[in-house]
Amino acid sequence: MSGVRAIVLAAGKGTRMKSAVPKVFHELCGRPMLWWVLRALREAGIEDVVVVISPEMESGFAALGGGEAVVQKEQLGTGHALRVALESRTPRSGGRILVTNGDMPLVTGEIFAAATDALGADAMALVTLPAWPESNFGRIVRRAERVERIVEVRDATADELAIEETNAGIYAMDEAKARGALAALRNENAQREYYLTDAVAVLAAGGDRINPVLLRDGRNLLGINDRAELAVARARMSERLCAQHMRDGVTIVDPERTYLEPELAIGRDTVIYPNTAIGRLSRIGEGCTIGPNARLSNATIGARTEVRESVILDSVVGDDAHVGPFAHLRGESVLANGVRIGNFVELKNARLESGAKASHLSYLGDVTVGEDANVGAGTITCNFDGKRKNRTKIGKRAFIGSNSSLVAPVEIGDDALTGAGSVVTKDVAAGERVAGNPARPLPKKPS
Ligand code: UD1
Ligand code: MG
């Protein structure tokens, strides 16, 4: 949408959140509220985005990756916030602005487009929605059908409170008209704030047209002021994310108990069982089984792989692999195709080649495990000597007996064997068999 400058009002104190974290930084589905609003603006094709923030938000703002920040030093109201934004920019004659509250994460690009479309050549358009019981949104006062003003709930009379049309907090405005109206605002109201909503009365009194865009379905227009409202928005966003993947061919057994973040790739015919959380740009191939009770964060999973009741963080798993139940992969572990990791196995910065197995009760840290090697129950890589992390290398087809302790740095050759309970402190050559504490070579097998 060319020529439209968006201004996002996000500096509010957010008192009702009762939080040390600025309101619009509170997250739903893994992203801050404000991130979602910026995404919807991108969807609407608006590239010129100014975000009004408070001084405390400066450090966190950069991480959102969108918009240019303007600091409102004192939070004197939404009208003041818009004035600060406009004063930070040179006036553009004939310019149009789209102003939105930053606390409505469910908003969509379509809604923003509807507001700018409705502006036409008039002074202002605004998105309205039907009131619902206990709605605290400003009421739209009309006279002879024309929008005359907005009254905030705290300043409303009983008759005004009964009005059924409310203000969503999204406005398209002619920039010059906006500058003029803002200069006329006063703070004589219940909150001693400069209300942006009073610009409506200023413009209407001057004979300008205000075009309302009534959206009957207000579910996407929820403004978040406290944590109860945040939970409502989170449920709705989660439903939206799950629906998108289901439409794309993913089976989600219980969407209400599935926690997805945006920007995931999940292949067709993958089945996600309940109580599963998938986030941080994870990618999952086709035909996988994930969950129940799985947590994946920055995980890449191949095709036809099974992940049951397990945690996979910052790691890669190949095709046809099995993880879990109750496994924990982290620290950039990499599992090749067909690897099997079973109960109570923790992998940290581990690389397992295809067909390798660690089925029970192990800690494998800073290790490479060769093709088709078998790591017995209870095996531990002793990777930390009190100062440094050291690596263990296990060769192809090696057989690590149950309860082996591999004291790193150490290397076990291809086809080598360690007996149950071995404490391996020295390298084991290819084909060699060791046992004991410390492990010593066993006599050669009689041939
Ligand atoms: C506002 C509207 C109300 C509308 C509702 C919709 C006003 C006066 N009222 O009320 O009519 O129905 O939104 O959700 O606008 N902000 C600043 N600087 C400030 C104050 C606020 O940037 O000094 C930002 C906040 O961060 C927030 C947005 O403006 O994102 C709206 O402020 P908020 O306090 O949430 O207004 P509401 O009471 O919800
Ligand atoms: Mg609000």
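This passage describes the ligand sites and some backbone features of a predicted model.

The metal site comes first. Two residues coordinate the magnesium ion (ligand 2): Asp103 through OD and Asn225 through OD1. The coordination distances run from 2.2 to 2.5 Å. Asp103 lies in the loop between strand S6 (96–101) and helix H4 (109–119). Asn225 lies in the loop between strand S11 (210–214) and helix H8 (227–247). The two are 122 residues apart in sequence, so the pair ties together separate parts of the chain. Both residues fall under the 20% cut-off for burial. Asp103 is buried, with a relative accessible area of 11%. For Asn225, also buried, the value is 9%.

Asn225 also leads to the second ligand. A polar atom in the side chain of Asn225 lies 3.2 Å from an oxygen atom of ligand 1. Asn225 is thus a residue with a part in both sites, because it coordinates the magnesium ion as well. The protein covers 91% of the accessible area of ligand 1, which is 750 Å² for the ligand on its own. The space that ligand 1 takes is the largest pocket.

The shell around ligand 1 consists of 23 residues. The closest are Leu9, Gly12, Gln72, Glu152 and Asn167. Helix H3 (78–87) supplies at least two residues of this shell, and so does strand S10 (165–174). Polar atoms of the protein approach the ligand at further points. An N or O atom in the side chain of Glu152 is 2.7 Å from an oxygen atom of ligand 1. At Gly138 the partner is in the backbone: a polar atom there is 2.9 Å from an oxygen atom of the ligand.

Glu152 has a protein partner too. The side chains of Glu152 and Thr197 are joined by a polar contact of 3.3 Å. Thr197 is found in the loop between helix H6 (175–183) and helix H7 (198–205). Its relative accessibility is 5%, so Thr197 counts as buried. Glu152 therefore links this buried loop residue to the ligand, with a contact on either side.

The backbone has some less common features. Most peptide bonds are trans, and most residues other than glycine have a negative phi. Cis peptide bonds appear before two prolines. One joins Gly291 and Pro292, with omega at about 5°. Pro292 has its place in the loop between strand S18 (289–290) and strand S19 (295–297). Another joins Asn437 and Pro438, with omega at about -10°. Pro438 is in the loop between strand S37 (433–435) and strand S38 (440–441).

Positive phi values occur at Ala144 and Phe344, neither of them a glycine. Phi of Ala144 is about 45°. Ala144 sits in the loop between strand S8 (139–143) and strand S9 (146–151). With 69% relative accessibility, Ala144 counts as exposed. Phi of Phe344 is near 50°. Phe344 belongs to strand S27, which spans residues 340–352.

The loop ahead of S27 holds Ala336, between strand S26 (334–335) and S27. Ala336 is buried, at a relative accessible area of 17%. Ten residues separate Ala336 from Glu346 in sequence. In space, the two are 16 Å apart, C-alpha to C-alpha.

Key: Residues are numbered from 1 along each chain as its sequence is written. Chains are lettered from A and ligands numbered from 1 in the order in which they are written. This is a predicted model: local features need pLDDT of at least 70, side-chain atom pairs count only at pLDDT 80 or more; totals for chains, interfaces and linings use all residues. Side-chain values use heavy atoms; hydrogens and water are left out. Donors are N, O and S atoms within 2.8 Å of the metal (3.2 Å for Na, K and Ca); water is not among the atoms, so sites may look incomplete. Helices (H or I, at least four residues) and strands (E, at least two) are DSSP runs, numbered from the N terminus. Buried means under 20% relative accessible area, exposed over 50%, partly exposed in between (1.4 Å probe, protein chains only). A residue is near a molecule or strand if one of its heavy atoms lies within 4 Å of it. A polar contact is a pair of N or O atoms within 3.5 Å; within protein, one must be able to donate a hydrogen and the other to accept it, and residues adjacent in sequence count only if both atoms are side-chain atoms. Accessible areas come from the Shrake-Rupley method with a 1.4 Å probe; for residues, only the protein chains shown count as cover. On a 1 Å grid over the protein atoms alone, a cavity is a set of points where a 1.4 Å probe fits but cannot get out, and a pocket is an open set with protein on both sides within 12 Å along at least five of seven lines; lining residues have an atom within 4 Å of a point. A molecule sits in a cavity or pocket if more than half of its atoms lie within 2 Å of its grid points.
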